[in-house]
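Grab your viewer and work through the exercises below. Each one sets a task and then walks through the solution.

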Amino acid sequence: MSVGEQGDFKFVELGEEAVEQQSTKPRERLEEPVEPTGPAETGSDTQPEKPSDKNPLTTPHTVHVKREPIDKHKLKRFFVLRPGAIEQAIEEIQSMMDEKEDGSVQSAWLLAEVDHWNNEKERIVLLAENSLLICKYDFIMLSCEHIQRIPLNCIDRICHGEFTFPQKSLDKREGEGLRILWDRQREPTFVSRWNPFSGDFPFCTFTEHPVLEASDKFTKMCALDQFRDQLTQAAQRAHEKKPVPGKANGVLVLKQPILIETYVGLMSFIGNQNKLGYCLARGNMGF
């Protein structure tokens, strides 16, 4: 959670004016300021008071304390943070897996998928022994709506870096992302690029979930770097165990910008600002 910047405060050194008034020593040059070297010889033992260390204006964490309840209130709107919600979702998805095809589950992650139109979507990602499962789960109705299965031995590239857009694009996105590619020979068609609902792409892009700092448990589940490392190791083992004929074995990990080819981004701006891709409590509406 970030801390707000303090305002510009003007601090006044106490006691300097009193020393100059009480000193009887004449000044030789009025244009040069006289710096006091010690307490004034007036027979008084009193010394100028020093600024208190507990001054609220100089305490940097006071702003942090004021902003913390607001952020906690916003995080409570995510249904994934309800007690037992993420555990129930993972158990339900595991019951729908094919153990012969997917193998045992190695780890579970909570990430946000970014589509080709820069729309964020809440996803549960299961890293199994042979497959990568990308799951769309409804935390409101507690049901799994869609599962995308990607064989690990088909993954050939993993790219990570900052998001970039075309030069004339009005759309923007901060932060870093992770792109997984599994078919180097196939390129998206022109119709697929301009269709916001198209899923015919040989790659998927992820970024960190907004509940990353909700607790230690979700910090581990939303860590994008840890997910990248475990995915790379699992894909390497899958290539060695079951290589694909006519395809180079191994995974190439690249650090490069993640390009999202959107130019206007009006739909993604409205959707991402209102978190339409997340299961969120949006209040009551009535008359």
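Buried means under 20% relative accessible area, exposed means over 50%, and partly exposed is in between. Keep in mind that this is a predicted model.

**Exercise 1.** Work out whether Asp102 is buried or exposed, then find its salt-bridge partner.

*Solution.* Start with the accessibility: Asp102 comes out at 0%, so it counts as buried. Next, look for the partner, which is Arg149, with the closest N and O atoms 2.6 Å apart. Now place both ends: Asp102 lies in helix H4 and Arg149 in strand S4, so the pair ties together parts that are 47 residues apart in sequence. Finally, check Arg149: at 33% relative accessibility, this residue counts as partly exposed.

**Exercise 2.** Do the same for the salt bridges Glu120–Arg173 and Glu129–Lys241.

*Solution.* Take Glu120 and Arg173 to begin with: their closest N and O atoms are 2.7 Å apart. Glu120 sits in strand S2 and Arg173 in the loop between strands S5 and S6, so this bridge ties together parts 53 residues apart in sequence. As for cover, Glu120 has 16% relative accessibility and counts as buried, and Arg173 is buried too, at 14%.

Then turn to Glu129 and Lys241, where the N to O distance is 3.5 Å. Glu129 is in the loop between S2 and S3, Lys241 is in helix H7, and 112 residues separate them. Glu129 counts as partly exposed at 37%, while Lys241 counts as exposed at 56%.

**Exercise 3.** Which residues of H3 are buried, and how are they arranged around the helix axis?

*Solution.* List them: Ala85, Ile86, Ala89, Ile90 and Ile93 are the buried ones. Look down the axis and they fall within an arc of 130 degrees, so they line one face of the helix. Flip to the face turned away from that side and you'll find the exposed residues Glu91 and Ser95. For the packing partners, the buried residues go against S1, S2, S3, S4 and H6.

**Exercise 4.** Describe the largest nonpolar core.

*Solution.* Count its members: there are 27 residues, and those with the most contacts inside include Val80, Ile86 and Val211. Then sort by element: H3, S1, S2, S3 and H6 each give two or more residues, and H3 gives the most, with five. Zoom in on Val211: leaving out residues up to four places away in sequence, its contacts are Leu75, Phe78, Val80, Leu81, Leu110, Phe218 and Cys222.

Definitions and conventions. Residues numbered from 1 in each chain as written. Predicted model: local features only at pLDDT ≥ 70, side-chain atom pairs only at ≥ 80, totals over all residues. Heavy atoms only, no water. Core = buried A, V, L, I, M, F, W, Y, C linked by side-chain atoms within 4.5 Å. Buried < 20%, exposed > 50% of the residue type's maximum accessible area, 1.4 Å probe, protein only. Helix = DSSP H or I, 4+ residues; strand = E, 2+ residues; numbered from the N terminus. Contact = heavy atoms within 4.5 Å. Arc of directions from axis to C-beta. Salt bridge = Lys/Arg side-chain N within 4 Å of Asp/Glu carboxyl O.
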